[in-house]
Structures are given as C-alpha cells and as structure tokens.
Amino acid sequence: MSGMREQSPQSWPVIGRSSLVVRIALLAALIALAIAPQPAHAYAGPGAGFAVLSSFWAIFVAFLYSFYALATWPIRQLFRFVRRRNAYGKAKFSRAVILGFDGMDPELAERFMNEGKLPNLAKLREKGTFTKLRTTFPAISPVAWSTFMTGVNPGKHNIYDFLARDTSNYLPFLSSAEIKGPKRHIKIGKYSIPFGKTEIKAMRKGTPFWHWLGKAGIFSSVIRVPVTFPPEKFSGVLLSGMCVPDLKGSQGTFCLCTTRSSSDKFREGGVRVPMERRNGVCTSYIPGPDSPLAETAGNEMRVPFEVRPDAVAKQARIVVGSEKLTLKVGEYSEWIPVAFKAGLGFTAHGICRFYLKEVSPEVEVYVSPVNIDPGHPDLPISHPVTYSIYLAKLYGPFATLGLAEDTWALNEHVLDDEAFLTQCYSNHEDRERMLFDALDKTKQGLCTCVFDTTDRVQHMFWRYLDEDHPAAREVPRDQRPNVIPELYQRMDKLIGRVMEKIDDDTLLLVVSDHGFKSFARCVNLNAWLHQNGYLALQDGKTESGDWFDDVDWSRTRAYTMGLNGLYLNVKGREKQGIVDPADVEALKVELQQKLNGLQDPASGEIGITGVFITGSVYRGPYTENAPDLIVGYGAGYRASWDSVLGKVTGQVFEDNMKAWSGDHCIDPRLVPGVLFSSHKIVAEKPHIADVAPTILTLFGLAPPAHFDGKAWSLAAQES
Amino acid sequence: MPALLAVKLFLLTSPLAIVVVLSIVIGLLMVVLFGYTSNQKAIGIAKDQLKAHLLAVRLFQDQLHVVMGSYGRILRGTGRYLRLAFMPLLYVIIPITLLIVQLDRYLGATPMTPDAPFLLTVKVSNSETLNDLSLDLPAEIMMTAPAVHIPADNEAVWRLSASKSGVYEVKVIASGHSVTKVVRVSPELSRVSPVRLRGHFWERMLYSAEPALPNDSPVESIAVNYPERAIDIAGYEMNWIWLFFILSMVAGFIFKELLGIKV
C-alpha cells in the first residue's frame, strides 16, 4: 500500500489531493473576504496575487520602518544630545517658518493693506513687524536668494546674475550650476555609450544656513528656494528651485506645434515645430535632449504625438505614447509623462503639459518645457533624492523647472494672459500643497518655501497697473484686469492659512528678495557704448548680432550682457582684451561718471540712477568673477532685450512693447523687498543677508564669522 | 519535422509544458482583463499614496509623529488599494475558478497504472446497506483483498488492481440499485474524476468530473484514490497549482509592465 493515502475522515471520503487545490483557492478567497467587502472565491490569477503580495509587502515594510524608527529613536535622541547637546535648548522658538514671495513689493503691499485688501498681512504689521528689506547689488533673484540663504554678499557666494560670461569667448553660461556628461565613452557600432555619472557642479559658493541648523540637530524642510540646484546634503529635506533646468538642459524651452507655416523663430525660450496633417490626423513631435549615445551634439531625441482635431466640438484628441487625452480649445492637460528613448535602454524621463490653442482652420498645440520628472528624476532635484519622488507620489507630478511659469510663451504671444495665469496658479497650488505638507511634517525646526508666482505675474501684468505702459496703451483703462491686486490678495489668503497652522512658539517671517517697478523703456547699453566709442563693430556694420557677433574686440573697451553687469575688455583677462590693467580703475570711474544720470531724450527722465563699481560693493574671494560695474536703472527703465543678449542696436532708448512689463533689475535702492514678522523685531535698515544670522541666533546658534548679515533681535516684550 | 512533432507531443503530454504555457497565457489574459475592468487611475493613485507614506517614514524618521501618522495612513491606504484591486477580480473569478477546476482534472492526479493496487471507497446512506453491497468488476480489474466495512462511517473499501490500461466502469450494487464509477488506468495524461457524488451540486462542480449519482440510490459517493501528481522542477516536486500560481504571477508581472497596466 505504499504511496496510498490515508482515508479522509470527512463526510465524503476521497478529497485529499483535490482539497489542496481547494485550500489554496479558499486561502486566497478568505484573504479577500477578510479585507475586501465583496466575496472573492478563489485565486483569480496574477491580479489577486499582486494585490495581496503588494499589500502585505507595504505593511511589512512600513512595520519594519516604523519599528526601526521607534526602537532607535531614544538612542538617536541620546546620541544627538551627547553630540550636540540639546538642539533646542537655547532656541527662542521651536519652529521658524519663512515664506518667500519672490518680488513682493513693499509699496504695493502697503497700498493694498491700507485699502483693506490684505487683512492677514495687515495683522502681521500690527502684531509684529512690517518693513522694507534691503536687497543685493544687483536686485536679481538668484543673487538675492543666494545672499538670503548664505548670509553673505555676492563676492562670497559668486552669483551675480542668471548668466556669467566666459572670458575666453565672450559667451554666456549659467551662473548657478554646470552640467557635464560622463567623460568616458565606448564606441560600439553607431553608438557611443557613456560610462560614469553626469557631473553637476554647483557654482554657488557659501553654505546655506540650514546646514548649520542641521549640524546642531535642527531639522529643516526647504522648498523651492532659488539656486539650490544641485541639491546639497544636509539634515533635512530640500526641493530645488530656480535654476533647475528642463530636460533639454535649458532654463525652459516651450514648443509650439502648428500646421500654420511660418519660418519665424522665437527670439527666446521656445521653438516652432511643424505639424503635418493627413486624413484629418495631425502628427508632430516634442523635441527632447540630445541623445547620450550620439557621437556629436545636435542629435535630438523626440517623442512623436498625434492630434485628432474636432472642429465642431472645438476639441482634439491627443495621443502621446500610451497616454490619450481629450482637450477643449483653451484647456491644459495634466502633466503627461514622456520618455525620450535613445536606444540600448537609455531613456530620459520628463513630464510636460499640452495646451490646445486652435483646431480650425489651423491646428496649434502648445507644449510646455519638458520638466524633469519628479517621480523619476534623471538629475537630482531634491535632497534626499527620494524627497521629490515622495512629493510626486503624494500629490502627483509637478513642475520642477526652475522658471516653471512660461513667461517667454506669453511674451511671444503663444500663450494669452488667461492661459499664462492658469499655468502660474496651477504651479502655485502645487507649491501650496507642498508647503502645508512640510508644515505638518516639521513641527520643530525650520520650514521655508519660496513662491515664484508673485514675481512672474508682476513681470507679465505690470502693464495693467501702470498708467501709461506702452504694452497696454491699446487696452482701455476700464477694461484692464486687476491681476496684481488679486495676486496679492491670493498670497494674503495663503498667509492667513499658514497663520492658522502656527502657534506663538513659531516665528513666521514673510520675505521677498526685491520689489518691483514698471519696465516701460528699454536701455541698450551696448548701443550707448558703441555710440560713445567704447565698443566697436566690424567695418561697415551698424548693428551686431546676438552675443557680440560682428563686434570688433580689438577696438572694444567695454561691453554688457545679462541684466545689470558691465564688463571691461581687459588685457590678460578677456581673450581679446585691450584695456591695460593699469587703466582699469580709471575707465571704471569714467564710465560711472558718464552713465550715472543718463537721460532719456524722449521724456527727460533719468534712465540710469546709479552705477556701482563692484570693488566697492562686494567683498570676498569671488569678487574677481563679478562684472566690473553694476548698472542701476531708474524706475521705469531696464536693460533692453537686445542688450541682455549682447546685441548692439542703433537706438539706446526704446519702448518696451512686451508683456514682460514690470521688472526689478534696476537700481537696487529703488526695489527693496518686504519683511513681515509674526513677532516684533528690532533691526535698523534690515538687509536680506540678515535673515540667515537671525535664524541661527534665534535657534541659539552663533552665526559664523564670515557672515555679512547682522542678526535682528526681538523687541523687549517679545524676548 | 520530427523535431517539431516531438515538441508538439511534448507540449501535449508533458504536464510541466502545459502548466508553463497555460500560466503564461492566463497571466496575459488576466492582466489584460484586469486592465479593462479596473479603475486604473484610482489604483495608480492608491499605490502612489502608499509609496509616498512609506517614503515619509524613511524621510522623516526622526519625527515620531510623522512616522506613526504615516503608519496609520499606510494601513488605511492598503485597505483602499485592496478594495480597488479586488473589484475587477469579481469579473474574472468565475471563469478562472472553473478553469482551475477543469485543469485540475488533468493535472491534479495521475490515472492508475496497470497492476498497481488502489482503493475504491463507497459511502452509503446507512450502515444496513453495507450488508447488501457488492461490486461488479470488468474483466481487467480484479479485487486483491476482501472488502473492509466501516459501519461508523457507512463506508466500504475495496482494494483493486487493473491488469492493463483502459477506461473501465466499476459497477456498485447496493440494495438492488446499481451505479457505476469510471476508473481510468493509463500511463498518459488524461482526465480523471476522483469521486462520483449524489447531490452536493457545488462539491460536484468543484471536485467531480462525472454525472451525479441518482437521487434514489442508496450510494452517496464512490471514490477512487488516484495518486497525486507531482511536477518535477529541478529535482523539487510540487503540485501544479503552486507552479501555476508562481508562473502566472511572473507572467503577469512581465505583461503588466509591457502593457503598462497597473495591478
């Protein structure tokens, strides 16, 4: 009887082996019955298996994590206590919350507060502090926020503008970070396979104050503070902000896919991609980064997509990869994942949004710059790298590009006012969600978040606030939208919700990096330098191309590029320099004297109210990388669009006809930022550099000696 | 051509090959069906939220309130995810259950082999009937031991043996009523029915491959103890259902990735 089974004692006897199958099926069913409200009867294929396994896995991992966190918490606390003493022992607050509103203007804030439009800011003014906050030279966001976080002047953090110039070729490069592909490649057939990591070098120097907090055992949540790319390690979490590139490596390149034939190129920030229509279906593509496997640059990867327009319903169905979406004219899609495949398994992961502009007679689709996918980041955009993944999983994909609001698309009339605002506020809502999550997670320590919406919206809609802006002269005054007052009211409501979340043991600071003024008139400083004999063009030329094309460097003593910097063509420094180092100081003074008070012949107003020799405003080891002079434009004026791009034109002054109608890249004395505080603070002429030492001091830490900022103190009754 | 024939023959007769092919096909079908019948967006969100809360535990491990809060959210999220994942299973549960039952007829047990003894167990309605119970065996099947009566269970057990391969009907005569039970003797893969039952609709659906016994018959069930089939995987023997479970999961995992279906 070997191999024979024992008789089963059940009511019908021989079920033994079959019962194994039944038991397995029943086991799956029982698990289902125990957890799901519907009866499940058997193992129903891999779906059930995955569901059960995934769930158990999630719970198991969570349990392990939690157990580890709980079990080791006392040990870690003890370790911290021994190593760093009691981190909060000398702190005046258990938490500091800093809300950064890029470009919030103190004069507008005061005006709207007095009009009763900003009750929460008014409450802060009444209960705590409201004052102007002096900004950096120049008053540009990457410069000012770098000073905010490091507590030092630009001579010590090395950021003077968005762009810096390469003295070997007079071309610009991004001042905040340098991204280099892997050095080694192996050639196999048509592929050149990269080996090693992409190298990302931070150009901003100095140490953000949250590093000092972390060293003392104080946790920080830092969200979208500009010039935090690449993210640096510290004790806390950080999501990088302004200066994070898009997937192409640019600071934002939108794409207009259109059936309308045009050979026009966008001046900046975007490309036009033809759309082919065949049998009612339009096909186009999203331009991506260059292939990492190509031997030469310019081998652009692309993601094709098709559009099926429905002129009657005024909508279109868009198919990109496995994603299918239907958009009405004037509607944005959600963030859509796109994968640029180079072959051999190399894929760049991005996200973008589609905006349907038109379906008849022509078909036009705007595609936002392809952002680095926060849920699958190909470049580090957060610290730890899992923080952006965490946020993406929690709230869905979000804009990661530094300058996420597509101002160029509005400038080029690819987006209209409404579409641009929709984009801005969509990004803003994502940021708000991140802030409130950080507030929930950071009950002790530092929580700081910078909102860019204030800057972008003021840049693009100042024309409606100005009495007589050239870009809005055709819009009757009574038809101008109240975009900027509404913007401030929206931020005020946000501040109100934050105030509800905090108690008296939390310090709330509301800061901006600079204020705002109208940008109605452009100043082409290169044109002025040309007309006054400091810059020479090739013989026969009256204008140059972008980036000094046709400039005769052998006869040029000074040039400008970027927003406020003026450079001398110094022998031994610039590749084709002609100014003797011994004559540099004299030339600086000469230019300062001639440019200071430069008058606009059309109106008689002063176009330049201050020219600053950088040696007198900067101190630090990186001063030599600074421009030689910083030009402070008067209110209503700014460097012209051409001048910024290193172009010499015939006219020095001209109207600014673009939607980009407000600006702050002027005389820094005219555009201070704001400082609101929930507690009364004592400070004489507070400066943005003071924030870092103030926070360290309030947490009981001594600011490092190299800080330029001075810590504010609390008013007597507060302390 | 002979190689092709050999492959075909292998596929038709090898239980391992059958389980592998079936697992892949069913893995694919189930994943596709799951994709069509589930709320893919909601499942995606539920899974993402779960991952987020797991990451939160790691990212904010020094903040005990975050760790404990996240743990609670993970438990709630798991419940939500399971609810979403099991909804579409209702659509596939009947066909897949029936399919597994049918496959089990072929793969769960091996038919008897010639000259190997086996047990035939007859359960009757009452113990008196045991005294009026006999077998009528075909010529190829012989009784190798006298019947053993177990009055406490109303059962009688015979030890039998078949002299050669074939499909035989063993006749059971109880109180003048006769009923039959198929006995399959074969070295090849074939459909077997381990039990014939009276009534018990669901049990018959799940465990029997023969028509029901007549309601007026005193016989409740006739069972043959076919040997359990074990499939050899690299020297490790396992029941086909485990192999099917593992392989269909692997296939499902591959197909869900290829097809972009969230499970």
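Which residue in β6(B) is the bridge partner of E169(B)? Let's work towards that through the strands of chain B, keeping in mind that this is a predicted model. The two strands involved are β5(B) and β6(B), with β6 covering residues 177-185 of chain B, and they pair in the antiparallel sense over nine bridges. Within that ladder, E169(B) has V182(B) as its partner in β6(B).

The turn of this hairpin deserves a look too. Two residues sit between β5(B) and β6(B), and S175(B) in the hairpin takes a positive phi near 50°. β5(B) also pairs with another strand: β2, residues 133-136 of chain B, is joined to β5, residues 166-174 of chain B, by four bridges, again antiparallel. If you want a spot to find that pairing on screen, go to L135(B), which stands opposite V172(B) in β5(B).

Now for the open sheet in chain B. Five strands make it up, in the order β3-β4-β1-β8-β7, with antiparallel pairing. The edges belong to β3 (141-150) and β7 (195-197) of chain B; each has a single partner strand, so one side of each is left without a neighbour in the sheet. On average, neighbouring strands here are turned by 15° against each other, ignoring direction. Moving in from the β3 edge, you can follow β1 and β4 of chain B: seven bridges join β1 (residues 117-124) to β4 (residues 155-162), and the two run antiparallel. Here the residue to click on is V122(B), standing opposite A156(B) in β4(B).

Chain B has helices to visit as well. Take α3, residues 40-59 of chain B: at 1.5 Å a residue, its 20 residues should span 28 Å, and the end C-alpha atoms are indeed 28 Å apart, so expectation and model agree. Plenty of this helix is buried: I43(B), A46(B) and L50(B), then K51(B), A52(B), H53(B), L54(B), L55(B), A56(B) and V57(B), and also L59(B). Notice that K51(B) and H53(B) are among the buried residues.

L50(B) leads us on to another helix. T78(B) lies 28 residues from L50(B) in sequence, yet their C-alpha atoms are 7.1 Å apart in space. T78(B) belongs to helix α4, residues 64-86 of chain B. Is T78(B) buried or exposed? With 22 other C-beta atoms within 10 Å, T78(B) is buried, just as L50(B) is over in α3(B).

Time to switch to chain A. It has 17 helices and 36 strands, and of its 719 residues 51% count as buried. Looking at contacts in chain A with a separation of 6 or more, 64% are accounted for by residues 24 or more positions apart.

The chain is divided into four domains by residue range: domain 1 is 20-84, domain 3 is 247-377 and domain 4 is 520-670, while domain 2 is assembled from 86-159, 204-244, 402-516 and 672-719. Let's stop where domain 2 meets domain 3 in chain A. Their centres, taken over C-alpha atoms, are separated by 33 Å. The contact takes 11 residues from domain 2 of chain A and 15 residues from domain 3 of chain A. On the domain 2 side, α9 (407-411) and α10 (417-441) of chain A each supply at least two residues. That side divides into seven nonpolar, two polar and two charged residues.

A few backbone details in chain A round out the tour. The peptide bond joining F229(A) and P230(A) is cis, with omega about 0°; P230(A) is in the loop between β9 (220-225) and β10 (236-240) of chain A. Another cis bond runs from H383(A) to P384(A), with omega near -10°, and P384(A) is found in the loop between β23 (382-383) and α8 (385-395) of chain A.

Two residues other than glycine take a positive phi. R224(A) has a value of about 55° and lies in strand β9 of chain A. Why does R224(A) count as buried? Because it has 27 C-beta neighbours inside 10 Å. K314(A), with phi near 55°, is found in the loop between β15 (300-310) and β16 (315-320) of chain A. K314(A) has 15 C-beta neighbours inside 10 Å, so it counts as partly exposed.

Methods:
Residues numbered from 1 in each chain as written. Chains lettered and ligands numbered in written order. Predicted model: local features only at pLDDT ≥ 70, side-chain atom pairs only at ≥ 80, totals over all residues. Pairing = 2+ DSSP bridges. Domains from an automatic or database assignment. Contact = placed C-beta atoms within 7 Å. Nonpolar A, V, L, I, M, F, W, Y, C, P; charged D, E, K, R; others polar. Expected span 1.5 Å × (residues − 1). Buried ≥ 20, exposed ≤ 12 C-beta atoms within 10 Å, placed from the backbone. Axes fitted to C-alpha atoms, helices over the stretch in contact; angles between N-to-C directions.
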